[in-house]
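User: I have a structure open and would like to go through a few spots in it. Can we start with the basics and then look at some loops and helices?

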Amino acid sequence: MNIEQLEHVVEVAKGKSISKAAESLHITQSGISQSISALENELGIKLFKRSRKGAVPTEAGKRIIIKANDILNNVQELREEAEGAANAITGDLRLMGIPGVMPTLIKTTAYLRRKYPNLAVDINEKGSFEIIEDFQAKRIDAGFIAMNDKLLQQNVGLNFEPVSKGKLVLCVGRNTPLSFKKSITPEELKEQTFILYKDDYVQWFIRDFSNVFGKVNVLFSTKNGDAIVMALREGMGVTIGHDYSFANHPLVLSGELVTLEIENFSDHVVYFGWLKQGNTPLSQITKEAIDRFNQVLFMDQPY
């Protein structure tokens, strides 16, 4: 027995006709007939006397139909109560994420706005260290960042909850010779011209790399992701980033951009996760936003 069957029974009883009920509910007569027959078999009684003139409730059917109508009214009240609770959730929710997660943040925001139409959601993209600063200044409710073991040790006081693991990779345009390779050695990497996203994590990698292999050639650094993509497509240089930042990028998926593994250079495993406020419990809406984001994140991951 389900709500849909009860709706079918009540609608047929209203018009004393399966055809009228089918037209009202926008389903086939066969669908309603089979639904009612299944309910009758489950209950062990006949709900309607069917004939060419229509469908008339039996005596037992009348009692069942009254109860079914009561149940549907209660269900409607429940839905209205839930809708009222959703509309009662107001205010602002401020989320921030590293480059590459904006599509996931947008999907999360769309879900929240459908469920809570009076909620204002502000989403933004920054580098991990800037997100940490905004989070510590309480300018955001939660931030999705990238961290490695060294940075975790340096930021012991941060409440960081990892949800995924990745690494730094090289990204190049498909019209460059490097696009035919699966990986690149540090010696080969040293000879490249870099176009960098202005993120402390990327800067840390370049600084660490330069300390070992010598200064690298940086064409420019920017926080404009579109500028980096344009330069890569023109073959002006290469860039470094988290593998997740590129995983679902349309140009990577289409083959316009190609990612390469970086061979034998320290341990550059990256943990992706959420900054949360110390011992302060998360608000209901922040927790729901994080849970939804994580669900979408894992559905989107190609690995």
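Analyst: What follows is a short talk through some loops and one pair of helices.
Analyst: This is a predicted model, where local features need pLDDT of at least 70, side-chain atom pairs count only at pLDDT 80 or more, and totals for chains, interfaces and linings use all residues. Residues are numbered from 1 along each chain as its sequence is written, and side-chain values use heavy atoms, with hydrogens and water left out.

User: Where is K16?
Analyst: K16 sits in the loop between helix 1 (3-15) and helix 2 (18-25). Helices (H or I, at least four residues) and strands (E, at least two) are DSSP runs, numbered from the N terminus.

User: What about its phi?
Analyst: K16 has a positive phi of about 50°, although it is not a glycine. Most residues other than glycine have a negative phi.

User: Which other lysine, K138, has a loop position, and where?
Analyst: K138 is in the loop between helix 6 (128-136) and strand 5 (142-147). K138 also has a positive phi, of about 60°, and is not a glycine.

User: How exposed are K16 and K138?
Analyst: K16 is partly exposed, with a relative accessible area of 44%. K138 counts as exposed, at 59% relative accessibility. Buried means under 20% relative accessible area, exposed over 50%, and partly exposed in between (1.4 Å probe, protein chains only).

User: New topic. At what angle do the axes of helix 1 and helix 3 cross?
Analyst: The axes of helix 1 and helix 3 (residues 29-43) cross at roughly 110° and come within 9 Å. Axes are lines fitted to C-alpha atoms, for helices over the stretch in contact, and angles run from 0 to 180 degrees between N-to-C directions. Helix 1 and helix 3 are therefore roughly perpendicular to each other (65 to 115 degrees; under 35 is roughly parallel, over 145 roughly antiparallel, the rest oblique).

User: Which residues make the contact?
Analyst: Helix 1 contributes Q5, L6, H8, V9 and V12, and helix 3 contributes I32, S35, I36, A38, L39 and E42. Contact means heavy atoms within 4.5 Å.

User: Last one. Is S179 buried or exposed?
Analyst: S179 is buried, with a relative accessible area of 14%. S179 lies in the loop between strand 6 and strand 7.

User: What does its side chain reach?
Analyst: The side chain of S179 reaches the backbone oxygen of T176 at 2.7 Å. In turn, the side chain of T176 reaches the backbone oxygen of G173 at 2.8 Å.

Technical notes:
Polar contact = N/O pair within 3.5 Å; in protein donor to acceptor, adjacent residues only side chain to side chain.
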